[in-house]
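Me: I am new to this one and would like to understand the labels people put on it. Could you walk me through the reasoning?

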Amino acid sequence: MPDLDIVLAEFTSDVERVEHLLTLIRGFKDFGGSVPPVVGEGEPPVWLEAAQLHQTASGRRTDLPVLSGSLQLYLAGRFEYCIRQIVEGVADEICARVEKYADLPKSLQAELRNRVLDVAKAPKKYGYDDLEAEALLESFVASRAITAPPVSIASQVLALTDSNMRERVLSDVLLRVGITEFWVNVGKQAPVKLFLEKSTDSEATREAQSRLNNIMDERNQVAHPTGSTNFPDPDQVLKTAKFLTLIARTCTDLAKIYLSSFASR
């Protein structure tokens, strides 16, 4: 079962690695635009390797957005994986708090059934082969018969999607485990308002949704580039990293609050 704090820590650690690479890219770009020190005629450069790097950097500065765009693509995918881990973690934790399968929330049972059937009908669409889909069905039938702890389900199917983690997909996948009104609650968070520079709940919600959708649009442009694709520069991707970290942290906190309320039912 994924621990929510560990899931968030691993995600933020990976984001920090991306931020360090982006800072390096930005420094390389600045270095390429700098003016090397003047040396006397016939004198060798003070630092030969630096002079060679400067010459290379000067001719590659306009290509750097392609590299930062690739990191944008990675960030979007890593964020989606983090959200899926959170969903799995919430589902597994709920299972750990009930005595038998029938005690699971009816909505969770229905979602589990629907997702298992989706995989069974189109295994390749969700990354399964026929044998794996068949085993998933057998596991689902077996889990329904559980009348004593521990209750175990194929929680990974609850996090499956067939599209990018846009704002609607994100709220829908969280709803599968019972986390309702996600974006409404996101807009209420002070750190979100401060980051987005919005003063009201509704403004913060709309801006957060818009930013996530834009990030996923940019992800698709980078993943399927054309001659007219505009790749984001390092500063843009650094903003993406900070925003996705904020949303992942908020999602983790709201999941913990939900689990706390579930325990008291």
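Reply: Happy to help; below we take some labels one by one and set values against cut-offs. Please keep in mind that this is a predicted model.

Me: Let's start broadly. What makes up the protein, in helices and strands?

Reply: The protein has ten helices and zero strands. Read from the N terminus on, the elements run α-α-α-α-α-α-α-α-α-α. Of its 265 residues, 43% count as buried.

Me: Why is Phe-182 called buried?

Reply: Phe-182 has a relative accessible area of 2%. Buried means under 20%, so Phe-182 earns the label. Trp-183 comes to 5% relative accessibility, and therefore Trp-183 counts as buried too.

Me: How many aromatic pairs are there, and why is the one between Phe-182 and Trp-183 called edge-to-face?

Reply: There are three aromatic pairs in the structure. The ring centres of Phe-182 and Trp-183 are 5.0 Å apart, with 70° between the planes. Rings pair if their centres lie within 6.5 Å, and planes over 60 degrees apart count as edge-to-face, so both conditions are met here.

Me: On to charges. How do you know that Lys-242 and Glu-19 form a salt bridge?

Reply: Their side chains come to 3.7 Å, N to O. The cut-off is a nitrogen of Lys or Arg within 4 Å of a carboxyl oxygen of Asp or Glu, so this contact qualifies. The structure holds 13 salt bridges.

Me: What makes the pair of Lys-242 and Glu-19 a link between distant parts of the chain?

Reply: Lys-242 is in helix H10 (residues 234-263) and Glu-19 is in helix H1 (residues 4-32), 223 residues apart.

Me: Which label does each of these two get, buried or partly exposed?

Reply: Glu-19 has a relative accessible area of 16%, so Glu-19 is buried. Lys-242 is at 45%, and therefore Lys-242 counts as partly exposed. The reason is that buried stops at 20% and exposed means over 50%, with partly exposed in between.

Me: Why does the salt bridge between Asp-162 and Lys-125 tie parts of the chain together?

Reply: The closest N and O atoms of Asp-162 and Lys-125 are 3.2 Å apart. Asp-162 lies in the loop between helix H5 (130-144) and helix H6 (167-175), while Lys-125 lies in the loop between helix H4 (106-121) and H5, so the bridge joins parts that are 37 residues apart in sequence. Asp-162 and Lys-125 are both exposed.

Me: Where do Glu-207 and Arg-211 lie, and how do you know that they form a salt bridge?

Reply: Both lie in helix H9 (residues 201-223), four residues apart, about one turn of the helix. Their closest N and O atoms are 2.9 Å apart, and the limit is 4 Å, so the pair is a salt bridge. Glu-207 is at 22% relative accessibility, so Glu-207 counts as partly exposed. Arg-211, at 30%, therefore counts as partly exposed as well.

Me: Which residues are joined into one network by salt bridges that share partners?

Reply: That network consists of Glu-111, Arg-115, Asp-118 and Lys-121.

Me: Which residues form the negative surface patch, and why is Asp-130 called exposed?

Reply: The patch is formed by Asp-129, Asp-130, Glu-132, Glu-134 and Glu-138. Asp and Glu count as negative, so the patch is named for their charge. Asp-130 is found in helix H5. Asp-130 has 53% relative accessibility, and exposed means over 50%, so the label fits.

Me: What makes Glu-181 and Glu-197 stand out in their phi angles?

Reply: Phi of Glu-181 is near 50°, a positive value in a residue other than glycine. The loop between H6 and helix H7 (182-186) holds Glu-181. At 55% relative accessibility, Glu-181 passes the 50% cut-off, so Glu-181 counts as exposed. Phi of Glu-197 is near 60°, again a positive value in a residue other than glycine. Glu-197 sits in the loop between helix H8 (190-196) and H9. Its relative accessibility is 71%, so Glu-197 counts as exposed.

Me: Last one: which form, cis or trans, does the peptide bond from Pro-149 to Pro-150 take?

Reply: That bond is cis, with omega near 0°. Pro-150 lies in the loop between H5 and H6.

Definitions and conventions
Residues numbered from 1 in each chain as written. Predicted model: local features only at pLDDT ≥ 70, side-chain atom pairs only at ≥ 80, totals over all residues. Heavy atoms only, no water. Phe/Tyr/Trp six-rings, centres within 6.5 Å; stacked < 30°, edge-to-face > 60°. Buried < 20%, exposed > 50% of the residue type's maximum accessible area, 1.4 Å probe, protein only. Helix = DSSP H or I, 4+ residues; strand = E, 2+ residues; numbered from the N terminus. Patch = residues over 30% accessible without salt bridge, like charges linked within 9 Å, V, L, I, M, F, W, Y side chains within 5 Å. Areas by Shrake-Rupley, 256 points an atom, 1.4 Å probe, with all protein chains shown as cover. Charge placed at Lys NZ, Arg CZ, Asp CG, Glu CD.
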